[in-house]
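This report walks through a two-chain model, from strand pairing outward to domains and chain contacts. Please keep the structure open while reading.

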Amino acid sequence: MSDMSSSRSSGFDRRAFMAGAAGSALAPMTARAAAQEARAPVAQDPALPVDVTLRVNGQDKRLSLDARTTVLDALREHLKLTGSKKGCDHGQCGACTVLIGDRRVVSCLTLALAAEGQEITTIEGLATSDRLHPMQQAFIDNDAFQCGYCTPGQIMSAIACVKEGHAGTDADIREYMSGNICRCAAYPNIVAAVKQAAPEIMKG
Amino acid sequence: MTAAAPEPKANMGQPVPRYDAVAKVTGRATYGADMPLDNPAYAFLVTSAIAKGRINSFDLDDAKRVRGVIDIVTHENAPKLKESKLFSNGGYAGTTIQPLKSAEIAHDGQIIAVVIAESYEAAREAANRVKVSYSAATPSASFDSPGTTKAAAKGQNAQFKEDPKVGDFAKAFDEAEVKVEASYETPTQHHNPMELFSTSCAWMGDTLVIYEPSQYVYGLKNGVAEQLGIDADKVRVVNPYVGGGFGSRGSMTPRTAIIAGIAKRLNRPIKLVPTRDQGFTIATYRAETRHEIKLGASRDGKLVALRHEGAEMSSRADPYCVGGTKTTTRLYACSNVDSLVSIVRADRNTPGFMRSPPEVPYLFALESAMDELAVKLNMDPVELRRVNDTTNEPIGGKPYTSRSLMACFDEAAKAFGWAQRSVAPRSMSDGDWLIGYGCAATCYPTQMAPSAARVRLQRDGRTRVEIAGHEIGTGAYTVIAQTASERLGVPLEKVSVFMGDSDLPPAPVAGGSNSTASTCSAVMMVCDQIRQRLFKAVMPNESLTDKAKETVGIGQTPANQAARSDRPLDLEKAFDALGVGVVEEYGEWKPEGAPLDSFKAMHSGHARLVGGSAMKDKIAYAFGAEFVEVRVNRFTHEIRCPRLVGAFAAGRIMNPRTARSQLMGGLIWGMSSALLEATEIDQRTARYVNDNLADYLVPVNADVPDVEVILLSEQDDHINPVGAKGLGELANVGTNAAICNAVFHATGQRIRRLPVRLENIEV
C-alpha cells in the first residue's frame, strides 16, 4: 500500500479563468456576439446569476443564468426545450447540435452568454403547426433513426449540411454528416434522407 | 417505397413508418433526463481515481465553499442501502459492488461521492474540488496481470448451467484427417448508447418516481425497492423512450438507489446526468475474452471433432459470464464435442450484457476457425457450412424449429457476387488496394418470456394498448400497434400504445431479443380475449369452442393464420349487444415450457427467458449469412470495408422497415467491432484509457459502407404465437469473423485478435 493524494480536479481555477480570460479564451464565440463585447466580466463568483436574453426559435427568452451555463443546458434546464440532447458534453457526438444563425454548432460547447443576440434554432423550431420541415419528413420516410436520441442533432446538422452546399454527392453527405454519431447506426438511411430533402430545402 | 421500406414477402407485416416517428423528429419524444421536475437539485458524481485500495479521507472544505452546494454524500454519511443479488444469479443488479458503503475501492471509476447543488454548474465545480486521500494497492487489470484468479464458470453463475459435450472428442480429434487449432481474442467494449446514464428521482410522499433510461422497468422498480427496503408498489419507473440500450440498461446500476436515498433525505427531486466517461465505470461493458478452438474434419469437410474453450474477464465480486459455447457447440453437425468456459477475476467493474453477449465473441472464434479449416481443405467456405449443416443440434439431438442457414448463404452469396471471388489469398487487387472477400454464419437464440398486457377497445374502434415494454429504438411501439390493429381489425391510426412505465402491465426485460415475440404474443392473446367477448355477444348461441378457435384465434395459432378473420365483427353491433361503451381486457401470456413461477417472477421483475438451446425437446435460433469486401492498402495497411451484405431469416418479420433498420445497424455494429471498437486498459492502474467518444472509436457516417440487408421469408409454427424470432442481436454476430476472413483473403494474414488494426497487418 502506498499513500497518495489525488483529485480529479486538475488544479485549474475556473474562477480565475472566468474573471480574467473571458475575452480572450472565448474569442471564437464572443467575436460573433457583438452585443456581448460591451459586457465586462464583473462576476467574481460564476455561480452568481447573470441576466441574458436568448433568441430561440424566433422568441426572446429572458434568463438569469450561472455564467458557465452552456446553450444546451440553458435550453434544457431553463427553457424546457429538451429536444436538443446531451450525449457527451464534449462536442464529440453532435446530439446537441443547434443552428446559431445559419451555422450548426454543438450547443454543449457554446456558452449561453456568448449566444446572446443571435438567432438560435432548435429542433422544436422547425415544424409549423400542421407541417413538418422537409428534413423531418425525409427522416421519417427513410427510417433515418432508431432510438431517436441523436435525431434532433442529426436533423439540425443535416439542414445546415444542405444549406452549406455539402449535400451534392453521397460521399459529401457522409463526410459532412460525420460530426453526428448515431450509435444505432442508421447512417445509410440518414444519407438517403438528406438526399431526399436537399432539393426542397435548396428551393427555399 | 424507399429502400428503407422493403416490399413484404410471405409471412411479413407491412413496412409502416414508426409509431413514434413524429415525436422523434420534432424533439417531443421525452427521454429520462427530459422529464420536467419541480425545483430539482442537481447531482454530480465523484469517482475513484484508483482501482484497488481504500479511501483514507476526504477534504471537502473547498468543495463545500462553492456557492449553491447543498450536500456532499460519501460513504461516511450515505443513506444505508440493502444489498441486491446479481442479475445473472436471480437478482436485479448488474454489479454487487455497492459504492458509498465503505472506504473500500473495488474498481477504477467507482462512485465515491455525490455532490448535490442548486445548479448543474455548481455541482460539477464542487465535485472537481473534492480532494481524496487514498491508500492504493496494485490492481490486477486483465488476463495477463499478476493476481487474477481463474475458475470454471459452471457452479459460479446460475445462468451457466453446463459445459456442453458429446461423444469422445479427444479420440476423434486425434484421428481426424484435417485439423485446425487456433487461439482467438476479443477486446473490452463499451455499449456507449447515445443517452447518458442519467437518473432523476422524485418522491411524492412515500412514493418514489424514477425517470431513467431502462431496458427493464419492472426489474428496476423492484430492485430499487429492495435496496431502499420499501414496498415495490411504492416505486414507479417511467421511461417512454430510451436513447439506446444495447444491453447496458437491462440490469440495475448502483446509482439509482443512491440518488433515490439522497432525494428522500433532502426531500427534493434530484437529477443526475453522469458524464460520458463515468458511464464507462458506473455501468457494465462487454468483457474481453480468449478462446482455444480445435476442429477436426474428414477430407470431405465433415466435422468429426470440435472443442471450444473460452475464458472471460469479470470483477472480483461477481461471476458474470456469457458462455457462448451453448451456441458454438450446437451450430454444426459434429458427433464429438467438448467445451469449457472459465471466469477470470480482476480488479474491474462487473461486466454485463452487450448486444449478442455470448454469440459475438464465441462465434468470432468458431467462424474464424471454420474459415481456417476451409483454407486447409481447399474448400469454398460456403460449401464447408453446407456439408456441416444440420437439422438437429449435436449435443442433445434436438431438432431446430426452423433453420434457413444455407438459404441465407445462397441468397447473400448471390447478391454479393461471391462467385467472382478468386480463391487464392492476395489474388485480387485494385491499384494499391488488396481486395478480400469473406463470409461467416450468424445466429442468435430465439427467446421468449412471460408478459402481460391490457387492451381497451372503444366502439368507434379506438384502441389503447398498455404494456410496460421498452422502446429502445427497436420499433416496439410500432410492432405492438400493428399487432393490435391486425388482431382487432381496427385501422392502425386508431391504435395508441403506452409503454415504458412500471405502472403498466409487466413486460420482460428488453434483452435477449425477446421483446417482440413476448410482448406481441401477450397483446395478441389479450386482443383475442376482446374478440371472444364481442363474438359471444353477437352470436351467443354459437358454439365457441370450434368457431372461436377458427375465427378468433385462441391459443397458440401463428399470427399469419389467424390474423385474417373470415368473419369480421361488426363492432357497433357487438357493443350494442354487450350494452357497454368500452371493452377492456387484461391478460398474462407465458411461453411454452416456462417455469411454474413465471408469472410471479414477471411481477417481481425477474425475467424468466426461455428458448434458444434451453428448451426441452427442440432448439430455436434465427440464422443469417454475412459477406464482406475489405480493401487493405498495400503500403499504408489502411483497412476499408466498402461492402456488407447480410441475408437473414427470423420467422415472421413484423415490419420489414424496422427489421431492416435493426439488421443494418447490426451489420454496422459488427463492422465496428471488427475494425474500430476496443476499450484500452492501462495494465498498471487497471483504468480505462479511452473513455470518451473521441477516443473510443464508433463509426461515423463516413466510415459506413454500402450495406445491403436481405430478409428471407421463413415460417416457424413452433416458437411462439406470433411466429417471430428476435433479430435485434442477429446481425452483429457474424461480421467479426467475416471481416477477418476477408482480411486473410486480401493479405494472406490471419488476424485472430480483435479489433483488426493496421499496425497488426504485415503485408
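In chain B, strand β17 (residues 433-445) and strand β24 (residues 621-633) run antiparallel and are joined by 13 bridges. One bridge partner can be named: G436(B) pairs with V630(B) in β24(B). The model is a predicted one.

**The sheet of chain B**

Where do these two strands sit? They belong to an open sheet of 5 strands, in the order β16-β17-β24-β25-β28 of chain B, with mixed pairing. β16 (429-430) and β28 (706-711) of chain B are the edge strands; each has a single partner strand, so one side of each is left without a neighbour in the sheet.

Which helices pack on these strands? Helix α18 (residues 656-675) of chain B lies across β24, β25 (639-649) and β28 of chain B. α18(B) runs at about 130° to β28(B). α19(B) also packs on the sheet, where it touches β17, β24 and β25 of chain B. The direction of α19(B) makes about 155° with that of β17(B).

**A helix pair**

α19(B) has a helical partner too. Two packed helices are described by the angle between their axes and the distance between the axes. Helix α9 (residues 359-377) of chain B and helix α19 (residues 735-747) of chain B pack at about 35°, and their axes are 8 Å apart. The crossing of α9(B) with α19(B) is right-handed.

Which residues make the contact? From α9(B) come V360(B), L363(B), F364(B), E367(B), S368(B) and D371(B). They meet N736(B), A737(B), C740(B), N741(B) and F744(B) of α19(B). By class, this contact has 6 nonpolar, 3 polar and 2 charged residues.

**Domains**

Chain B is assigned two domains: domain 1 (1-29 + 358-446 + 612-763) and domain 2 (448-607). Their centres, taken over C-alpha atoms, are separated by 34 Å. In the contact between them, 24 residues of domain 1 of chain B face 26 residues of domain 2 of chain B.

A record adds a further span. The unreviewed UniProt entry annotates residues 26-138 of chain B as "domain: Aldehyde oxidase/xanthine dehydrogenase a/b hammerhead". The end C-alpha atoms of residues 26-138 of chain B lie 51 Å apart, and the span is 12% helix and 31% strand.

Chain A is likewise divided, into domain 1 (22-125) and domain 2 (134-203). Their contact takes 15 residues from domain 1 of chain A and 12 residues from domain 2 of chain A. On the domain 1 side, β4 (97-100) and β5 (103-106) of chain A are the elements that give two or more residues. β4(A) gives the most, with 3 residues.

**Between the chains**

How many residues of chain A are in contact with chain B? The count is 63 residues of chain A, set against 66 residues of chain B. Six elements of chain A each supply at least two residues to this side: β1 (2-6), α3 (71-78), α4 (134-141), α5 (151-163), α6 (170-176) and α7 (187-203). α7(A) gives the most, with 6 residues.

The table sets out the residue classes on three contact sides.

| Side | Nonpolar | Polar | Charged |
|---|---|---|---|
| Chain A, touching chain B | 27 residues | 19 residues | 17 residues |
| Domain 1 of chain B, touching domain 2 of chain B | 9 residues | 9 residues | 6 residues |
| Domain 1 of chain A, touching domain 2 of chain A | 6 residues | 5 residues | 4 residues |

Conventions: Residues numbered from 1 in each chain as written. Chains lettered and ligands numbered in written order. Predicted model: local features only at pLDDT ≥ 70, side-chain atom pairs only at ≥ 80, totals over all residues. Contact = placed C-beta atoms within 7 Å. Helix = DSSP H or I, 4+ residues; strand = E, 2+ residues; numbered from the N terminus. Nonpolar A, V, L, I, M, F, W, Y, C, P; charged D, E, K, R; others polar. Domains from an automatic or database assignment. Axes fitted to C-alpha atoms, helices over the stretch in contact; angles between N-to-C directions. Left-handed = near helix turned anticlockwise from the far one by under 90°. Pairing = 2+ DSSP bridges. UniProt positions renumbered as here; feature names shortened; annotations may be inferred.
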